[in-house]
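Trainee: I am new to this structure and would love a close look at one part of it. Could you walk me through the surroundings of the first ligand?

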Amino acid sequence: MFMAYNFIMEKNYLELINQEKLPKHIAIIMDGNGRWAKNRKLNRSYGHKEGANRVVDIVRASSDLGIKVLSLFAFSTENWKRPLEEVNKIMFLIVAFIDKYIDELASNNVILKVLGHRDELPRNVKEKLDYAINKTENNTGMILNICLNYGSQLEILDACKEMIKEYKKSSEEDIDSLTVEDFSKHLYSDEYYNVDLMIRPSGELRLSNFLLFQAAYAELYFSNILWPDFIPNELYKAIYEFQNRNRRFGGL
Ligand code: IPE
Ligand code: IPE
Ligand code: MG
């Protein structure tokens, strides 16, 4: 009864969104799966499973809305510290997600990209990702970045390594004239690299090594909702709040 009351009272934020002022790039730290399961006295893996269902809902909602880039943090370079059983479950869910939804993504014109360090991923995951990337690479709609074995510090280091190799034989003048744009081309994904809206559910107030360079001027949105409860209306609410912020980029 109480739940139903809440449901009726919650505003429909989709109606309040200004289509002309959408954030181009939204990044989400999908956090809180474990706590969601714990609250229900379930194994953490149920939280990840329900979290995967929200991925589907949020991808559909973002693509329908006309968002250009959606970056989702699925597994960090630090998440290997977790028990093997949990790591395996997350990898399994990623493969299952692709198996079940790749046709829908492809027909909705979504371009799937994977950001992160490939080498450490299990072979079956890498193969499935390659298959999915291949299948959507000629699309022209929303870019969906799945950030998998992703760590921002490692990404920045990788970019530096690549540049050192590339410019090894360059003159000092050429190196001195390098720009932020030149650097950004060496990030895992250079398209629309600036994040406009960074969302973190679950009540934690940190970025946990996610898109640190790209979020330089991102509007940060923190919510106490746990990821498996993050229904599209929560996304619309974040976008609505974003549209009511005053972005100055250092100006007046
Ligand atoms: C986020 O949920 C999913 C991943 C990190 C893969 P968590 O598993 O971190 O959930 P909490 O933070 O323990 O609740
Ligand atoms: C961040 O969540 C990583 C992902 C959502 C994939 P964590 O649960 O790993 O972050 P911390 O440990 O709370 O900082
Ligand atoms: Mg967490």
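Mentor: Happy to; here is a tour of the place where ligand 1 sits. This is a predicted model, in which local features need pLDDT of at least 70 and side-chain atom pairs count only at pLDDT 80 or more, while totals for chains, interfaces and linings use all residues. Residues are numbered from 1 along each chain as its sequence is written, chains are lettered from A and ligands numbered from 1 in the order in which they are written, and side-chain values use heavy atoms, leaving out hydrogens and water.

Let us begin with the neighbours. Ligand 1 is surrounded by 13 residues, each with a heavy atom within 4 Å of it; Asp-31, Gly-34, Arg-35, Arg-44 and Arg-82 are the closest. By class, this shell has five charged residues (Asp, Glu, Lys and Arg), three nonpolar ones (Ala, Val, Leu, Ile, Met, Phe, Trp, Tyr, Cys and Pro) and five polar ones (the others, Gly among them).

Now for the polar contacts, meaning pairs of N or O atoms within 3.5 Å. An N or O atom in the side chain of Arg-82 is 2.7 Å from an oxygen atom of ligand 1. The backbone takes part too: a polar backbone atom of Gly-34 lies 2.9 Å from a ligand 1 oxygen, and one of Asn-33 lies 3.1 Å from an oxygen of ligand 1. On its own, ligand 1 has 380 Å² of accessible area, and the protein covers 86% of that (Shrake-Rupley method, 1.4 Å probe).

Finally, look at the helices, which are DSSP runs of H or I with at least four residues. Helix H2 (33-39), helix H3 (44-65) and helix H4 (84-107) each give two or more residues to the shell, and H2 provides the largest share, three residues.

Conventions: A polar contact is a pair of N or O atoms within 3.5 Å; within protein, one must be able to donate a hydrogen and the other to accept it, and residues adjacent in sequence count only if both atoms are side-chain atoms.
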